[in-house]
Amino acid sequence: ASICFGMFSISWLLLRLICFPLWIIRSSSYQFAEHANRSHPYHTCLYYIFNTMLITLLVFHIYWWIMICSMVKRQLQNKGKVGGDIRSDSEGDD
């Protein structure tokens, strides 16, 4: 399980935090703007809405990466054993 989680962490870093901003967001922001007809207000509105959603998704990816890093740190401290869920509070079930 630890090896699979390590591979997941590396793939998350490469695909979601490197490839996604460098290729997807860059192409939708800059390259699309060069080729699109942004004189029409509808196209301009869609352009900004779509790019805002992509950047919001990138912010979520960064937040989830912080969570993944804390799990990796916890596994390294526990010598490879999977600990509890860091998202939940320490309260009992109601």
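In the predicted model, Trp12 has a relative accessibility of 10% and therefore counts as buried, the limit for that class being under 20%. The ring of Trp12 is engaged with that of Trp64, and the structure holds five aromatic pairs in total. The centres of the Trp12 and Trp64 rings are separated by 6.1 Å and their planes meet at 75 degrees, so this pair is classed as edge-to-face. Distant parts of the chain are linked by the pair, since Trp12 belongs to helix α1 whereas Trp64, 52 residues apart from it, belongs to helix α2, which spans residues 41-77.

Trp64 itself is partly exposed, with a relative accessible area of 37%. A further ring pair joins Trp64 to Phe60; here the centres lie 5.8 Å apart and the planes are at 20 degrees, so the arrangement is stacked. A pair of aromatic rings is described by the distance of the centres and the angle of the planes. Both Phe60 and Trp64 are located in helix α2, with a spacing of four residues, or about one turn of the helix. Phe60 is also partly exposed, its relative accessible area being 42%. Through ring pairs, Phe60 and Trp64 are linked with Phe5, Phe8 and Trp12 into a cluster.

Ser9 is likewise a residue of helix α1. With a relative accessibility of 6%, Ser9 is counted as buried, because the value falls under 20%. A polar atom of the Ser9 side chain is placed 2.9 Å from the backbone oxygen of Phe5, a residue of the aromatic cluster described above. When neighbours within four places in sequence are set aside, the contacts of Ser9 are with Trp65, Ile68 and Val72. The C-alpha atoms of Ser9 and Met71 are 9.8 Å apart in space, although the two residues are separated by 62 residues in sequence.

A contrasting environment is found at Leu15. This residue is situated in helix α1, which covers residues 2-35, and is exposed, with a relative accessible area of 53%. Leu15 contributes to a nonpolar surface patch of about 780 Å². The other residues that form the patch are Ile10, Leu13, Leu14, Ile18, Leu22, Trp23 and Ile24. Helix α1 thus contains the exposed Leu15 as well as the buried Ser9.

At the level of the whole protein, the secondary structure consists of two helices and zero strands. Of the 94 residues, 17% are buried, a group that includes Ser9 and Trp12. The exposed area of the protein is about 7,500 Å², and 66% of this area is supplied by carbon and sulfur atoms. Among contacts with a separation of 6 or more, 58% are between residues 24 or more positions apart. The Trp12 and Trp64 ring pair, with its 52 residues of separation, joins the two helices α1 and α2.

How values were computed: Residues are numbered from 1 along each chain as its sequence is written. This is a predicted model: local features need pLDDT of at least 70, side-chain atom pairs count only at pLDDT 80 or more; totals for chains, interfaces and linings use all residues. Side-chain values use heavy atoms; hydrogens and water are left out. Patches are made of residues with over 30% relative accessible area and no salt bridge: like charges are joined within 9 Å, nonpolar side chains (Val, Leu, Ile, Met, Phe, Trp, Tyr) within 5 Å. Accessible areas come from the Shrake-Rupley method with a 1.4 Å probe; for residues, only the protein chains shown count as cover. A salt bridge is a side-chain nitrogen of Lys or Arg within 4 Å of a carboxyl oxygen of Asp or Glu. Buried means under 20% relative accessible area, exposed over 50%, partly exposed in between (1.4 Å probe, protein chains only). Contact means heavy atoms within 4.5 Å. A polar contact is a pair of N or O atoms within 3.5 Å; within protein, one must be able to donate a hydrogen and the other to accept it, and residues adjacent in sequence count only if both atoms are side-chain atoms. Rings of Phe, Tyr and Trp (its six-membered ring) pair if their centres lie within 6.5 Å; planes under 30 degrees apart count as stacked, over 60 as edge-to-face and the rest as tilted.
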